[in-house]
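Reader: I have a chain in front of me and a list of terms I only half trust. Can we test the terms one by one?

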Amino acid sequence: MAHCYGAAVTLAAFRQAEPRIVTVTLCKVEQIPEAGALEVDAPDGLDTLVLMRFGEQVYAYLNVCPHAGRPLNWAPGKFLLAHGQLVCAAHGAAFKPEDGSCIGGPCRGESLTAIPITIEDGEVRLAQSAG
Ligand code: FES
């Protein structure tokens, strides 16, 4: 799992700050394998995020499966991608990277929780509106 925050920042700290846009760097784009996934810590310190990259496009979701609330990975930092889809290691639900929708398995029709990100200066950044 990547740990690449520039500073220890929590969502609670974001919300207590004056209203403004706060950004947190999650990782460098190049750390995410092409057509693969990277696990990074969520700023809340409780969950992790899964970042997927296909060319220049990066997608970010909470690493929690909508079926049974379990992590999607089969080992720390290890995700199964098959036929361009993210597959939950627990019971095999398949998700489209583009929108996080489940297109096969026990939670078909549900979706992963998307995390808003931006790509700037070769970094994947999480943007939070505080206040
Ligand atoms: S927890 Fe992901 S498919 Fe069941």
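Author: What follows takes some labels in turn and sets each against its cut-off. Keep in mind that this is a predicted model.

Reader: What secondary structure does the chain have?
Author: The count is one helix and 10 strands. The helix comes at the N-terminal end of the order, and the strands follow it.

Reader: What makes β2 and β3 a pair?
Author: Pairing takes at least two bridges. β2 and β3 (residues 48-54) have six, in the antiparallel sense. So they pass the cut-off of at least two. As an example of residues facing each other, V40 stands opposite L49 in β3.

Reader: How do you know that β3 and β4 pair?
Author: The test is again at least two bridges. Six bridges join β3 to β4, so the two strands count as paired. M52 has Y59 in β4 as its bridge partner. β3 and β4 also form a hairpin, with two residues between them. In its turn, G55 has a positive phi of about 65 degrees.

Reader: Why are β2 and β4 said to stand at the edges?
Author: The open sheet has the order β2-β3-β4, with antiparallel pairing. β2 (36-41) and β4 (57-62) each have a single partner strand, so one side of each lacks a neighbour in the sheet. From one strand to the next, the twist averages 25 degrees.

Reader: Which strands form the open sheet of four?
Author: They are β5, β6, β7 and β8, in that order, and the pairing is antiparallel. β5 (80-82) and β8 (102-104) are the edges here, because each has a single partner strand.

Reader: What makes β7 and β8 a pair?
Author: They have two bridges, in the antiparallel sense. The cut-off is at least two, so two bridges are enough. In β8, G104 is the bridge partner of A94.

Reader: Why is G92 called partly exposed?
Author: Exposed means 12 or fewer neighbours, and buried means 20 or more. G92 has 13 C-beta neighbours inside 10 Å, so it falls in between. G92 lies in the loop between β6 (85-87) and β7. It touches V87 and G105, leaving aside residues up to four places away in sequence. Its C-alpha is 7.8 Å from that of P106, a residue 14 places apart from it in sequence.

Reader: Is H83 buried or exposed?
Author: H83 has 6 other C-beta atoms within 10 Å. The limit for exposed is 12 or fewer, so H83 is exposed. It sits in the loop between β5 and β6.

Reader: What is notable about the phi of H83?
Author: Most residues other than glycine have a negative phi. H83 is not a glycine, yet its phi is positive, about 55 degrees.

Reader: Where is D121, and how do you know that it is exposed?
Author: D121 is in the loop between β9 (117-120) and β10. It has 8 other C-beta atoms within 10 Å, so it meets the limit of 12 or fewer. D121 is not a glycine either, and its phi is positive at about 55 degrees.

Reader: What is in the largest nonpolar core?
Author: It has 27 residues. Among those with the most contacts inside it are L26, L49 and Y61. β3 gives the most, with four residues. Other elements giving two or more include β1 (21-28) and β10 (123-129).

Reader: How much of the chain counts as buried?
Author: The figure is 27% of the 131 residues.

Key: Residues are numbered from 1 along each chain as its sequence is written. This is a predicted model: local features need pLDDT of at least 70, side-chain atom pairs count only at pLDDT 80 or more; totals for chains, interfaces and linings use all residues. Axes are lines fitted to C-alpha atoms, for helices over the stretch in contact, and angles run from 0 to 180 degrees between N-to-C directions. A nonpolar core is a set of buried Ala, Val, Leu, Ile, Met, Phe, Trp, Tyr and Cys residues joined through C-beta atoms within 7 Å. Two residues are in contact if their C-beta atoms, placed from the backbone, lie within 7 Å.
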